[in-house]
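Q: I am new to this structure and would like to learn how to read its features one at a time. Could you take me through them, giving the general idea before each case?

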Amino acid sequence: MDGNSDNSVVRYNLAYAHALNREYEQAGAVLNTDFARTTEQVPEAYILAARMKHFLADIKTAVGLVEKFLLQYPDHPFRSEARGVLA
């Protein structure tokens, strides 16, 4: 992995840790630092971001993130989890 990948993985994991602590705004802020690069390296970041938006009652954005994930990664192993966010 190059340095950019490492930063994206660390960013995703930090955001996930915030989410586990119910610190949804902080999780979203960490992901938004470099969202394009993070989602390129860690596509699951779309789902995490969608969950954070859902918890913060921004349903429209959450749905948009899931739809984008499903369009970009139709065969990703997390597609079922992504659809669960839409339920």
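**Reading the loops, helices and rings**

A: Let us begin with a single residue: Arg22 is exposed, because its relative accessible area is 67%, and the cut-off for calling a residue exposed is over 50%. Keep in mind throughout that this is a predicted model.

Q: Where is Arg22 found, and what sign does its phi have?

A: The general idea comes first: most residues other than glycine have a negative phi. Arg22, which is found in the loop between helix H1 (3–20) and H2, has a positive phi of about 60 degrees although it is not a glycine.

Q: Which residue just after H4 takes a positive phi, and is that residue buried or exposed?

A: That residue is Ala57, which follows just after H4 with a positive phi of about 65 degrees, and which, like the case above, is not a glycine. Ala57 has its place in the loop between H4 and H5, and it counts as exposed because its relative accessibility is 64%.

Q: How should I read the angle between two helices, for example H5 and H6?

A: The angle tells you how the directions of two helices compare, and angles over 145 degrees count as roughly antiparallel. The axes of helix H5 (residues 59–72) and helix H6 (residues 79–86) cross at roughly 155 degrees and come within 9 Å, and H5 and H6 are therefore roughly antiparallel to each other. The crossing in which H5 passes H6 is left-handed.

Q: Which residues make the contact between H5 and H6?

A: From H5 the contact is made by Val63, Val66, Phe69 and Leu70, while H6 brings Arg79, Ala82, Arg83, Val85 and Leu86. Sorted by class, the contact of H5 with H6 has 7 nonpolar residues, no polar ones and 2 charged ones.

Q: What does Leu86 touch, and how accessible is Leu86?

A: A contact list is best read with close sequence neighbours set aside. Leu86, whose place is in helix H6, touches Val63, Val66 and Leu70 when residues up to four places away in sequence are not counted. Leu86 counts as partly exposed, because its relative accessibility is 38%. As for distance along the chain and in space, Leu86 and Phe69 are 17 residues apart in sequence, and their C-alpha atoms are separated by 12 Å.

Q: At what angle do H4 and H6 pack, and which residues meet there?

A: Here the relevant cut-off is that angles under 35 degrees count as roughly parallel. H4 and H6 pack at an angle of about 15 degrees with their axes 10 Å apart, and they are therefore roughly parallel to each other. Their crossing is left-handed. In this contact Ile47, Ala50 and Arg51 of H4 meet Glu81, Ala82 and Val85 of H6, and the residues divide into 4 nonpolar, no polar and 2 charged.

Q: Which residues of H4 are buried, and what is Ile47 in contact with?

A: To call a residue buried, its relative accessible area must be under 20%. In H4, the buried residues are Ala45, Tyr46, Ile47, Leu48, Ala49, Ala50 and Met52, and for Ile47 the relative accessible area is 3%. Leaving aside its neighbours within four places in sequence, Ile47 is in contact with Phe69, Phe78, Glu81, Ala82 and Val85. The C-alpha atoms of Ile47 and Leu14, which are 33 residues apart along the chain, are separated by 15 Å.

Q: How many aromatic pairs does a search of the whole structure find, and how is the pair of Tyr24 and Phe55 arranged?

A: An aromatic pair is read from the distance between ring centres and the angle between ring planes, and planes under 30 degrees apart count as stacked. The search of the whole structure finds 6 aromatic pairs. Tyr24 and Phe55 form a stacked pair, with 4.5 Å centre to centre and 20 degrees between the planes. Because Tyr24 lies in helix H2 (residues 24–32) and Phe55 in helix H4 (residues 45–55), the pair ties together parts that are 31 residues apart in sequence. Tyr24 is buried, with a relative accessible area of 18%, whereas Phe55 is partly exposed, with a relative accessible area of 46%.

Q: Which residues do ring pairs link into a cluster?

A: Ring pairs link Phe35, Tyr46, Phe69 and Tyr73 into a cluster. Two of these names have come up before: Tyr46 is among the buried residues of H4, and Phe69 is one of the residues that H5 brings to its contact with H6.

Key. Residues numbered from 1 in each chain as written. Predicted model: local features only at pLDDT ≥ 70, side-chain atom pairs only at ≥ 80, totals over all residues. Heavy atoms only, no water. Axes fitted to C-alpha atoms, helices over the stretch in contact; angles between N-to-C directions. Helix = DSSP H or I, 4+ residues; strand = E, 2+ residues; numbered from the N terminus. Parallel < 35°, antiparallel > 145°, perpendicular 65-115°, else oblique. Left-handed = near helix turned anticlockwise from the far one by under 90°. Contact = heavy atoms within 4.5 Å. Nonpolar A, V, L, I, M, F, W, Y, C, P; charged D, E, K, R; others polar. Phe/Tyr/Trp six-rings, centres within 6.5 Å; stacked < 30°, edge-to-face > 60°. Buried < 20%, exposed > 50% of the residue type's maximum accessible area, 1.4 Å probe, protein only.
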